[in-house]
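User: I am new to reading structures and would like a close look at one part: the place where the two chains meet. Could you walk me through it, and then show me a few ring pairs and packed residues for context?

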Amino acid sequence: MEKIKEEIRQIAREALTGKKVDIILAWEKGPLWYDSYPAFFTKEEEVDSLTWDSFCINNLSKYLLEETMADKKVGVFVKGCDALAFNQMMQDNRIRRDNVVVYGLPCPGMIDPDKVRAKRLNRGLTEVKQSGDELIFVTKDGEITVPAHEVYYDKCLYCHYPNPVVYDQLIGEKVAAETALDRSERFSQVEALEALSAEERFAYWDSQFSKCMRCFACRNVCPACSCERCTFDDDDLDILGKAREDSEDQFFHLIRAYHVVGRCIDCGECSRVCPQDIPLEKLNRKLIKDINALYGEYQAGLDPSTKAPLVTYQLEDADSFTAGEKGGKGT
Amino acid sequence: MKKIAKDQLALLWEKIDQNYQLFLPIAKEKAVNFSTWKEGAEVDLDALRTVNSPKNIIFPQTETYLTFKKEGKKLGLEVVSRDEEYVVFGVRPCDVASFKLLDNVFLGEPVDKFYEENRQKGLIISQACLNPEETCFCNAFAINPESAPVGADVATWDLGDLLLWEAQSEKGKAFTEALSDLLEDVSEDDRKKLDEVKAGIKDKLEDLPLVHVAPEKIEGGLKEIFASEVWDELYQRCLGCGMCTYVCPTCHCYDLKDYNGNGCGERFRCWDSCMFSDFTMMAHGNPRTTQKERVRQRFMHKLVYYPNNYESYACVGCGRCTERCPVRLDIVKVIKKLGGERNEL
């Protein structure tokens, strides 16, 4: 990744000096080992602080919403999941493609700081280096080598698209697309919930949603949540109050999940940012699983030229109103 | 000074629970938060910091003030108040310090009667931090994590098998007295061990990566900092969620709302966030129309406006925003960007 980082910096410098773009969206490193965050570069000399490491988890496509709409020419670096997000936003007509130069970055996987802390590898940690399938944790007392899959985010272990599906320029070599975990297992946790009775399932989600603080981080980080103004933010409509009230927490999460049906790329950002560890990915995957069952296998963000299942109609579509048909109470 | 063996703590919880609502750091799956203790609860005294700060107890996220009901042509109003006295056990020194910052706001004239009642009904038991983490920077605000913090009725230290216990306030002394059958006097050895552990903290603090944070090094007055160019860059990555304000122990902005049912309802106070687009919305619109202005407001409040009013920063260095912000726009980066960093210790 160190080599790629230099390459990225060079590309960014050239794009800025050659006026190919007005702004570069990439990442920068803060004072702590896990502290890589989105950064906006407009001057060549700023690019020295640009980073690319195993903590560049943030999806920069989301920022294109404002930046390209402001009629700026933007260069953006995308990982595999970020590229799916890019395509999904394209399909939703939320990005001006002509205004963007997409630099694709094959992604080896990103490290979950919580897993590092759980292994107590964070004490005195200064840096993490990648070496093939292993990670080297550099601490004040020496180096510890750990198999990468032990500390990567779960979502990375299921990731089938580490190589960007859209780009103008690809940087570095593509990585193997085999997933560390069986991809169909994504749905095993959903199946466990489906096996519960309706009362048990309600109790499960009731307990999960009761942890919600309604900080809206899940919504704001989501690339499918791209409305200019979210209906929940409209004070005049008074759809959602500000009280912490179980019914309102449930209402918010269900509406959010349903609004991204067929558009959720399963990047897992909502679960990652949730301070209360609400497993929102299970909710999203339930809906992905249903879409797959009702309309055939579908991966949102794979191809922006196709129509999403819920925005097209075909005569042979599942009909939940007819007994015996797929979907709804008919099954 | 008293002590209790840690394997006896369940008895202590039970005893306190008889007379008070008892809040403890309790794990629910991965998230540890202050919640009401029930038998069998998974108490986690090792978790350095809870996801939510304990401000939720003295200043709840949602708090009903009064209920109203239409009775013929009249409107019946009933003020709601907290009924039970409560104990919060395991409040870290940074969070204890945050209570004082909230007191400055709510107990100054005019006194907020609801908050005052919440404070009076509570008893605060602190737990010293003997293993500060990488995201901790309380020392930047002159907080000593190993100490018995001012504002705690009882201070405790976890020495592995033992919990040392020192009553500080009159309230804390009476409370300790009532628990005398479970607490015993400490020995000279225990005191010695505590002194050793405390002495070791200084080195640990100096080893922390955020030890150089120094807000007092920020130069310039209100107007210069407000007009600074750093805001043009800092705000860019902000997603506009309210997580930083909600997990923050010192953020205290709120909104008042009515829940209007059919002929009856409730008036409640609820946390608000300056990160939200409808924050301080008025009849003429919103005074802060861009995220830049909102981000600037949050940090100006913590580092300039609040200190101007109360001679203290509105941050205690707990590290919650440092750990949780989805895009790592935490107060450490803002302080440093404004020049609040020292080279030497």
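Analyst: Here is a walk through the contact between the chains, followed by some rings and two single residues.

A word on ground rules: this is a predicted model, in which local features need pLDDT of at least 70, side-chain atom pairs count only at pLDDT 80 or more, and totals for chains, interfaces and linings use all residues. Residues are numbered from 1 along each chain as its sequence is written, chains are lettered from A and ligands numbered from 1 in the order in which they are written, and side-chain values use heavy atoms, with hydrogens and water left out.

Let's start where the chains touch. Here 40 residues of chain A are in contact with 42 residues of chain B, contact meaning heavy atoms within 4.5 Å. The size of an interface is often given as the accessible area lost when the parts come together. For chain A and chain B the buried area is about 3700 Å², with carbon and sulfur atoms giving 50% of it; this is accessible area (1.4 Å probe) that the two parts lose on being put together, summed over both. On the chain A side, Leu32(A), Met213(A) and Lys242(A) lose the most area to chain B, together 18% of what that side buries.

Lys242(A) also has a charged partner: its side chain meets that of Asp278(B) in a salt bridge, 3.4 Å from N to O. The rule (a side-chain nitrogen of Lys or Arg within 4 Å of a carboxyl oxygen of Asp or Glu) finds 8 salt bridges across the interface of chain A and chain B.

Asp278(B) leads us to Asn286(B), which touches Asp278(B) along with Ser277(B), Phe279(B), Thr280(B) and Met281(B), not counting residues up to four places away in sequence. Asn286(B) is buried, at a relative accessible area of 14%; buried means under 20%, exposed over 50% and partly exposed in between (1.4 Å probe, protein chains only). Its side chain reaches the backbone oxygen of Ser277(B) at 2.3 Å, and a polar atom of that side chain lies 2.9 Å from the backbone nitrogen of Arg288(B).

Now for the rings. Those of Phe, Tyr and Trp (its six-membered ring) pair if their centres lie within 6.5 Å, with planes under 30 degrees apart called stacked, over 60 edge-to-face and the rest tilted. Over all chains the count comes to 27 aromatic pairs. In one of them, the rings of Trp33(A) and Phe55(A) have centres 5.7 Å apart and planes at 75 degrees, so the pair is edge-to-face. Trp33(A) is buried at 4% relative accessible area, and Phe55(A) is buried at 3%. In chain B, the rings of Phe137(B) and Phe141(B) have centres 6.1 Å apart and planes at 55 degrees, so that pair is tilted. Both Phe137(B) and Phe141(B) are buried. Ring pairs also link residues of both chains into a cluster, among them Phe216(A), Phe232(A), Tyr115(B) and Trp271(B).

Finally, look at Val76(A), which is buried with a relative accessible area of 0%. The C-alpha atoms of Val76(A) and Val102(A) are 5.2 Å apart, although these residues are separated by 26 residues along the chain. Leaving aside neighbours within four places in sequence, the contacts of Val76(A) include Leu25(A), Leu60(A), Leu64(A) and Tyr103(A).

Conventions: Polar contact = N/O pair within 3.5 Å; in protein donor to acceptor, adjacent residues only side chain to side chain.
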